[in-house]
Amino acid sequence: MPCRAIHISGTHPMRVTLFVPCFIDSLYPNVGMSMVRVLEHLGHSVEFPEEQTCCGQPPFNSGYWDEARAVASKQLDVFKNAEIILSGSGSCGAMFKVFYPELFHGHDREAEAKALSAKTWEFSEFLVNKLGVKDVGARFDGKATFHDGCHGLRELGTKHAPRELLSHVKGLELVEMSEAETCCGFGGTFAVKYPQISTAMAEVKCNSICETKADFVISNDSSCLMQIGGWLDRNIGSVKCLHLAEVLASR
Amino acid sequence: MTTLAEPPRHQFQLDANRTAADGDRRAAVRKALHNYSSARDKTGATFNDWKSARNAASAIKHEAVNHLDRYLEEFESKFTARGGKVFWASDSKQARDYIIDLAKRKSVRAIVKSKAMTGEEIHLNQALLEEGFGVVESDLGEYIQQLKGEAPYHFVFPCMHLRRDEISDLFHKELGTAKTDSPEELTMIARRVLRRAYIDADMGISGGNFIVAETGMISITENEGNARLTVGLPKIHVALIGIEKVVPRLADLALFLPMLATAGTGQHMTGYNSMYGGPRQPGELDGPEEFHVILLDNHRTRLLADPEQRDALHCIRCGACLNVCPIFKNIGGHAYGTTYQGPIGSVITPHFRGLEDWKHLSGASSLCGACTETCPVGIDIHHHLLHNRRNAAAQKPAKGEQLLWKAFAFLMQRPALYRLASRFAPLGSLLHPLVSGSPLDPVRSWTSTREFPHAPMRSFRDQFREHQAAKKGVASSGTQQGAKR
Amino acid sequence: MNANSGDRNAVLGRIREALREEAPLKHPAERSAGGAPTTAHFREWLPPVGSRIDERLELFTRLSQTLRSELTLCENIAAAAAAVTELAAQENWKTIALHKSDLLDGLRCLLPASLNLLTVDEGYDKDALEACDAGITQCELLVAQTGSVCVTSSNDGGRVLSVLPPHHIVVARRSQLVSDLTEAYASLASKYRGTYPSMISFITGPSRTGDIERILVLGAHGPKRLSILLLP
Ligand code: SF4
């Protein structure tokens, strides 16, 4: 695409390729669509390669790296020509960005894994630090608190960007919870292998959410929201979960 | 040590689930750790640059651990030159036998001990007791745990899980003291009892936080002064230390002591940091006549032989990774069934005691990384849990699980098949209420405590395709829609 | 049994074998010379102290308060003796222990005759020392950065005087106040030239514990009170 003439950062249209993990695809399609709407609103084009499947994190986290590598190899093919890769889950993003280079270390496709890693961005980091956008023109009325997904926070170093974006959403009141950085207890297969521990962790997290008296809990990771929402719906009922993209897409 | 009636992984499930269901105990643990976090943050913030300090500490330990042979020999020659004795123990038995033999030869009558996790590791107290030597733990927390007949709950805060009324009841029962709800009075009861122990003891046993190669010293960090008295009063001293505790130079402690204090308890500096370079020297007025240092391997060399995880030997046992660990806070220290609890314990125990028996600890983590973030020497703790999982699967794959992941990989390499499978999500969602919560529920371990989200009829793929079609106009929209159905 | 060094060769052999493959350096440190950073650079990262003597004293005073050490500035040795006399009256002392040194000898002759004195230098009875109401020592150094008092076994009353009696009194001179631990170690190194005392101890506040519900209690095993009398 010949775009040599345009040099203004922030307005330079980009071709963004989405990685939409299985659970967002079938359980939270609105998260993916919200990302599409926000990006298109900012003037960027969005593509979604139909051939994508899973990032390979489940077998990777379970220790089955050969199987994970087979799955990951498929994604290396699918995203070969992407310019920018975004994912609605910090966890899958971390898999691409941090764990692919380790998974392929010493293997044939190590260079490709590193290249894929370099193109991968966490959604809010991309908006704030790559595009230089702080205000996406969103409006959302309500009181909310933000949950830092662990993979986004500690593997990708995302803390400030989502808050920056949310601070510019009209009508939104953001209150910090005391346990914002505490793990919600999801952890992939951990949540079903050790359900009691996982649930105890969810309880701590959700109590902290409820203490803020917020009506919404927002996060940049849908997998955490599945856990938090699962506990809240069973035990509280009144607090709603939203992905950051859904808030940014609301007008 | 907890006696393991069950294989470690079953025992772990039982104990972890018990604490996870015990709201009171979890609240007590959280409360005890609440002040820690704020103190730690406040003290950490006084550093000019914590991150660079951490990198430096990590580099110094890297240097020490990767040249361990040289530094240990340097320590040995300096320490023995001043009359100290160094004993190298390959395993627990050699270490125990050395101490027992020494106690017998010197006709020791009473032993006082200051905190030593290595002592727990080799089951020293029990062995001494079997040979007829009484041992009194002098660290307050360890003393309480000893009275209670329980292993330490946390390798820095041994009795953090106990409430004051439980300690008061314990003292009342074991020592006959009046009940009180004042931590101060409880501390003074222990003070009175333990004073006698230091004076009567003819052997003192301690651990050690650092081995200083350059000057042939060991360094002990503590708050109470019990280690000072344990090393100062009895005529024989034995320090039992893991071989990995080395720092090259005495002045390295100028970095490590404040970092250990900050990470461990949120203090600028722990109450007493004492460096010992052997027994009483000519011209000195007191101190032990004999000073023995036991350098304990006990499988540390196995971990050393794994370059990927060698940095786990950089650990200075500050306990910070436990204090921030959401797993630890919700299952408590005893559930681990190990000498070293929490994230670092889950990393190293499989190396020390066998991967097959202890791999479950690496599995029981959400990999949140709070441990790695807080570690003052930058150990890649939570990634090592992943490495242990990988090594365990390679060493002895669980047949059923391996099959599952092979099938998973098969599916995920075939997009068409994957898309077909994901078509069933709304159907699954529709049918799920029929089995929800019953033994037939495929996601029961989720739904027993949490709701499972409802899958909408149209997936992201569907919606995105429609969205693209709408943008492209009527003609192409028709073909795309046609292709979909 | 004399030269029993145990499994020395086996342990060293396993170590050398294990170290054949190099481990990656994950956190390369700044300012490193060779393997590890030089100690002179630590103060760039640690809590700052300030270079002037009054800044040092100010920090030491502030940390003493946080630590609940009781710092008293004394104009001269007579003022220090008066401070001790006052503490003696306050806590109703009968016997105190101390060691010989020029500094403390000056103090000793100014103390009230009613106080029994136990001098530890020629050896002492453990029970008698334990029964003392206070122990008075001098020190090697004071450290501004951490609020610590550094004592050693060869100079400051041995290994036990500073920790067994319930009240530890340190008499020090302002010139002994160094800025940080790096300076403290450098100063000890140049003083002892490789032949260190068998114990160097940094005492930071009175003895303390948080073992019961993480609530701070002073005087766990060592002194409940630490008084620092600072002379010009
Ligand atoms: S692993 Fe790090 S945080 Fe955990 S105890 Fe060791 S040094 Fe402290």
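Colleague: Into which domains is chain B divided?

Modeller: In this predicted model, chain B is divided into domain 1, residues 47-298, and domain 2, residues 424-484. The centres of these two domains of chain B, taken over C-alpha atoms, are separated by 60 Å.

Colleague: How is chain A divided, and what is the contact between its domains made of?

Modeller: Chain A has domain 1 at 15-128 and domain 2 at 135-248. Their C-alpha centres lie 21 Å apart. Domain 1 of chain A gives 28 residues to the contact, and domain 2 of chain A gives 25 residues.

Colleague: Why are α2(A) and α7(A) described by a word for their relative direction?

Modeller: Helix α2 (residues 29-41) and helix α7 (residues 123-130) of chain A pack at an angle of about 10 degrees, and their axes are 12 Å apart. Angles under 35 degrees count as roughly parallel. Therefore α2(A) and α7(A) are roughly parallel to each other.

Colleague: Which residues of α2(A) and α7(A) meet, and of which class are they?

Modeller: From α2(A) come M35(A), V38(A) and L39(A), which meet F123(A), F126(A) and L127(A) of α7(A). The contact of α2(A) with α7(A) has 6 nonpolar residues, with no polar and no charged ones.

Colleague: What is the strand order of the open sheet in chain A, and how are the strands paired?

Modeller: The order of the 4 strands is β6-β5-β7-β8 (chain A), and the pairing is parallel. The edge strands of this sheet are β6 (170-174) and β8 (240-243) of chain A, since each pairs on one side only. On average, neighbouring strands are turned by 40 degrees against each other, direction ignored.

Colleague: How do you know that β5 and β7 of chain A are paired?

Modeller: A pair of strands requires at least two bridges. Strand β5 (residues 139-147) and strand β7 (residues 216-219) of chain A are joined over 4 bridges, in the parallel sense, so the requirement is met. Within this pairing, T145(A) stands opposite V217(A) in β7(A).

Colleague: What makes β1 and β3 the edge strands of the sheet in chain B?

Modeller: This open sheet has 6 strands in the order β1-β10-β7-β4-β2-β3 (chain B), with parallel pairing. Strands β1 (85-89) and β3 (134-137) of chain B each pair on one side only. Neighbouring strands here are turned by 20 degrees against each other on average, direction ignored.

Colleague: How many bridges join β1(B) to β10(B), and which helix packs on the sheet?

Modeller: Strand β1(B) is joined by 5 bridges to strand β10 (residues 290-296) of chain B, and the two run parallel. W88(B) has L295(B) in β10(B) as its bridge partner. Helix α5 (residues 92-105) of chain B packs on the sheet, touching β1, β4 (203-206), β7 (236-242) and β10 of chain B, and its direction makes about 165 degrees with that of β10(B).

Colleague: Why is the pair of F48(A) and F460(B) called edge-to-face?

Modeller: Over all chains the count comes to 31 aromatic pairs. For F48(A) and F460(B), the rings are 5.0 Å apart centre to centre, with 80 degrees between the planes. Centres within 6.5 Å make a pair, and planes over 60 degrees apart count as edge-to-face, so this pair is edge-to-face. F48(A) lies in the loop between β2 (45-47) and α3 (57-62) of chain A and F460(B) in helix α24 (residues 460-472) of chain B, so the pair joins two chains.

Colleague: Which chains share the most contacts?

Modeller: Of the 2 pairs of chains in contact, chains B and C share the most. No contact joins chain A and chain C, whose closest C-alpha atoms are 14 Å apart.

Definitions and conventions
Residues are numbered from 1 along each chain as its sequence is written. Chains are lettered from A and ligands numbered from 1 in the order in which they are written. This is a predicted model: local features need pLDDT of at least 70, side-chain atom pairs count only at pLDDT 80 or more; totals for chains, interfaces and linings use all residues. Side-chain values use heavy atoms; hydrogens and water are left out. Axes are lines fitted to C-alpha atoms, for helices over the stretch in contact, and angles run from 0 to 180 degrees between N-to-C directions. Contact means heavy atoms within 4.5 Å. Angles under 35 degrees count as roughly parallel, over 145 as roughly antiparallel, 65 to 115 as roughly perpendicular and the rest as oblique. Ala, Val, Leu, Ile, Met, Phe, Trp, Tyr, Cys and Pro count as nonpolar, Asp, Glu, Lys and Arg as charged, and the others, Gly among them, as polar. Domain bounds come from an automatic or database domain assignment. Rings of Phe, Tyr and Trp (its six-membered ring) pair if their centres lie within 6.5 Å; planes under 30 degrees apart count as stacked, over 60 as edge-to-face and the rest as tilted.
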